[in-house]
Amino acid sequence: MNRTIIRLTAQGMLGGRRLWLLGALAALILVIAVATRLLAPGSPADGATVLRTIVFSTFLPLFGLIVGTGAIAPEIDDGSVVHLLAKPVSRHTIVQSKLVVAVGAVVALAVLPTVLAAVILGTGAQTVLAFGVGALAAGAVYAVLFLLLTLLTRHAVIIGLVYALIWESLVGSFVPGARNLSIQQWALSITDAIAPAGVVAADVGLGLACGLIVAVLVVGTWYAGNRLAALTLATED
Amino acid sequence: MSSPDSAPAGVIHNIGYRGYDGERLSRRAITLALYTHGLRGAFGLGRAARSKVIPMGMAVVMLLPAVVLAVVAVVGEQMGQLSGPVVPYTRYAMILQAALAIFVAVAAPQSVSLDLRFHSLPLYLARPLARADYVRAKLTALTTAVFLLLAAPLLVMYLGSLAAGFDAASETADVAQALLGALLYAAVLSSVSLVIASLTSRRGFGIAAIVTVLVLSYSIVSSMQGVIAFDADDPTTAGWVGLFSPMTLVDGVQVWAFGVTTSTPAGPPNDLAGAAFLLTSLAVVALGYVVLNRRYRKVKV
């Protein structure tokens with residue numbers, strides 16, 4: 001880790017109106033929780049279903065995409081990354097420092113609102129914890145994966161979107177085998193294991209899910225550092 | 001080799017610049033050229049091969065299910081299993097909305113963000129082209145592109161239904177309604193996306209922001225509608241919630257105006273709500289146009 005890189009990345013990712021935009025997204029989750037509680041004062045299980053659909057299928061992939069690509073892509077785009085690469089800092093340290101910021105943003109602006117929303121919906125302490133841990137796992141994996149993607153291709157945002165929207169929702173609902181390769185299902189598997197029975201359903205075994213999550217986090221971070229070491233700077237078309 | 005003192009101090013060389021005495025096209029022709037350029041660009045035509053991958057890929061994703069449905073209609077009719085299309089035309093956009101969202105999210109920043117980033121607007125405005133013409137050309141081009149993307153699969157399904165020998169009159173009426181709906185989908189999605197794209201010169205950020213707005217709003221609205229309509233047993237409130245996302249908004253207009261089945265847990269509950277859905281979608285388009293004009297009034301030349 002390098003404090004200066006962490007500070008500069010945080011400034012770039014959260015500085016100015018970007019913090020307000022990401023904060024608005026986080027606030028939206030809380031607004032939804034309040035609205036659901038007011039408009040449908042039913043059982044907490046329904047609230048948990050709403051939260052699961054919104055947070056795990058849409059909010060976390062998109063949030064992970066924004067912070068994962070936002071951590072380094074703008075610098076590569078405008079070429080200022082050369083100043084960073086010219087410093088005597090290991091490329092792995094650079095990637096790790098940037099990931100600390102991305103995961104920190106996920107915790108503050110995605111996991112925390114999810115936990116608060118679960119509290120507002122009155123789902124019970126165990127479910128709140130389950131949603132928190134699941135959201136953290138999913139958010140961290142998305143952040144690492146999408147940061148790695150920005151180092152592999154200039155079209156990381158588009159490829160990430162195709163994965164998050166088409167692979168996870170469309171292909172996953174038609175081809176059951178595809179769910180083994182779905183980050184959303186890995187996270188739901190952890191959530192399912194912590195939450196009381198019947199709150200969420202997961203299609204991937206807990207052991208496989210945990211193994212894959214750790215593998216993506218470790219290998220993704222290491223490979224991202226490798227890619228940064230071999231980065232070629234090209235102009236945009 | 002000439003000595004320095006014998007060289008002339010300053011000379012204007014005639015290097016053969018010539019004046020233009022051909023036809024000068026009108027402002028309208030320039031707008032039309034910009035429109036054609038925008039429409040082609042949305043599908044990646046006239047751009048590098050890798051820029052064609054996403055638009056063309058999404059067009060294929062949009063078309064494939066329609067082809068399958070057309071074949072199913074013909075085969076199913078022959079086996080005596082079907083007497084009408086499996087999927088109503090008006091629901092097609094909603095079912096494939098992920099592909100639609102990605103297409104429009106890639107096309108809108110492509111259309112305006114790069115002009116902002118590379119400051120090309122002064123070059124456009126050096127011609128007899130007004131800022132409003134630029135906005136109109138970009139907006140209509142994107143609307144046309146999204147409409148074509150939606151209309152093509154509907155026509156494929158329609159041809160399949162005709163080939164299967166379903167009732168031609170009712171199929172024609174149904175597909176005409178769906179095409180009107182497609183036009184409204186195209187106009188609403190395009191104006192929302194272009195407004196977002198015009199606010200940033202970073203293409204990646206524009207793409208992410210547009211998809212977030214389109215997909216997250218749909219996800220929120222539909223799951224809230226589900227819990228309100230079924231668990232709290234309040235379809236009226238659930239219907240009104242549909243106002244808050246572009247996709248459910250236009251779906252609500254179709255449900256009210258054409259009496260088709262809704263793709264969401266609850267459609268507009270009554271005529272008042274239906275009219276509100278229609279007015280809101282028209283207002284979104286009009287507001288998008290006004291906001292874009294205001295935005296481009298501020299872009300420096």
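Here are some exercises with worked solutions on a predicted model of two chains, A and B.

**Exercise 1. Buried or exposed?**

Task: Decide whether Ile196(B), Val60(B), His119(B) and Phe244(B) are buried, exposed or partly exposed.

Solution:
- Step 1. Recall the cut-offs: a residue is buried if 20 or more other C-beta atoms lie within 10 Å of its own, exposed if 12 or fewer, and partly exposed in between.
- Step 2. Start with Ile196(B), which sits in helix H7 of chain B. There are 25 other C-beta atoms within 10 Å, so Ile196(B) is buried.
- Step 3. Move on to Val60(B), part of helix H2 (residues 49-78) of chain B. Val60(B) has 11 other C-beta atoms within 10 Å and is therefore exposed.
- Step 4. Take His119(B), in the loop between helix H4 (97-117) and helix H5 (121-125) of chain B. His119(B) counts as exposed because it has 12 C-beta neighbours inside 10 Å.
- Step 5. Finish with Phe244(B), which belongs to the loop between helix H9 (235-241) and helix H10 (246-258) of chain B. With 15 other C-beta atoms within 10 Å, Phe244(B) is partly exposed.

**Exercise 2. A backbone angle**

Task: Find what is notable about phi of His119(B).

Solution:
- Step 1. Remember the usual pattern: most residues other than glycine have a negative phi.
- Step 2. Now look at the residue itself. Phi of His119(B) is near 50°, a positive value, and the residue is not a glycine.

**Exercise 3. Two helices that cross**

Task: Describe how helix H7 (residues 168-198) and helix H8 (residues 203-231) of chain B cross.

Solution:
- Step 1. Choose what to report: two packed helices are described by the angle between their axes and the distance between the axes.
- Step 2. Read off both values. The two axes come within 9 Å and cross at roughly 145°.
- Step 3. Add the handedness: H7(B) and H8(B) make a right-handed crossing.
- Step 4. List the residues that make the contact. H7(B) brings Val192(B), Ser193(B), Ile196(B) and Ala197(B), while H8(B) brings Gly206(B), Ala209(B), Ile210(B) and Val213(B).
- Step 5. Sort these residues by class: six are nonpolar, two are polar and none is charged.
- Step 6. Return to Ile196(B) from the first exercise. Leaving out residues up to four places away in sequence, Ile196(B) touches Gly206(B), Ala209(B), Ile210(B) and Val213(B).

**Exercise 4. Sequence and space**

Task: For Ile196(B), Val60(B) and Phe244(B), set a separation along the chain beside a C-alpha distance.

Solution:
- Step 1. Ile196(B) and Pro109(B) are 87 residues apart along the chain, and their C-alpha atoms are separated by 8.4 Å.
- Step 2. Val60(B) and Ile228(B) are 168 residues apart along the chain, with 36 Å between their C-alpha atoms.
- Step 3. Phe244(B) and Phe277(B) are 33 residues apart in sequence and 9.9 Å apart from C-alpha to C-alpha.
- Step 4. Check the contacts of Phe244(B) too. Beyond its neighbours within four places in sequence, Phe244(B) is in contact with Ser217(B) and Val221(B).

**Exercise 5. Where the chains meet**

Task: Work out which helices of chain A supply at least two residues of the side that touches chain B.

Solution:
- Step 1. Begin with the totals: 30 residues of chain A are in contact with 23 residues of chain B.
- Step 2. Name the helices of chain A: H2 (17-39), H3 (44-70), H4 (73-78) and H8 (156-174).
- Step 3. Pick out the largest share, which is the twelve residues from H3(A).
- Step 4. Sort this side of chain A by class: 20 residues are nonpolar, eight are polar and two are charged.

**Exercise 6. The largest nonpolar core**

Task: Find which residues of the largest nonpolar core touch the most other members.

Solution:
- Step 1. The core has 165 residues, and Ala143(A), Ile102(B) and Val211(B) touch the most other members.
- Step 2. Helix H7 (residues 125-152) of chain A gives the most to this core, with 18 residues.
- Step 3. Look around Ala143(A). Not counting residues up to four places away in sequence, the residues it touches include Gly64(A), Val67(A), Leu99(A) and Val106(A).

Notes. Residues are numbered from 1 along each chain as its sequence is written. Chains are lettered from A and ligands numbered from 1 in the order in which they are written. This is a predicted model: local features need pLDDT of at least 70, side-chain atom pairs count only at pLDDT 80 or more; totals for chains, interfaces and linings use all residues. Axes are lines fitted to C-alpha atoms, for helices over the stretch in contact, and angles run from 0 to 180 degrees between N-to-C directions. Helices (H or I, at least four residues) and strands (E, at least two) are DSSP runs, numbered from the N terminus. A crossing is left-handed if the near helix is turned anticlockwise from the far one by less than a right angle, and right-handed if clockwise. Two residues are in contact if their C-beta atoms, placed from the backbone, lie within 7 Å. Ala, Val, Leu, Ile, Met, Phe, Trp, Tyr, Cys and Pro count as nonpolar, Asp, Glu, Lys and Arg as charged, and the others, Gly among them, as polar. A nonpolar core is a set of buried Ala, Val, Leu, Ile, Met, Phe, Trp, Tyr and Cys residues joined through C-beta atoms within 7 Å.
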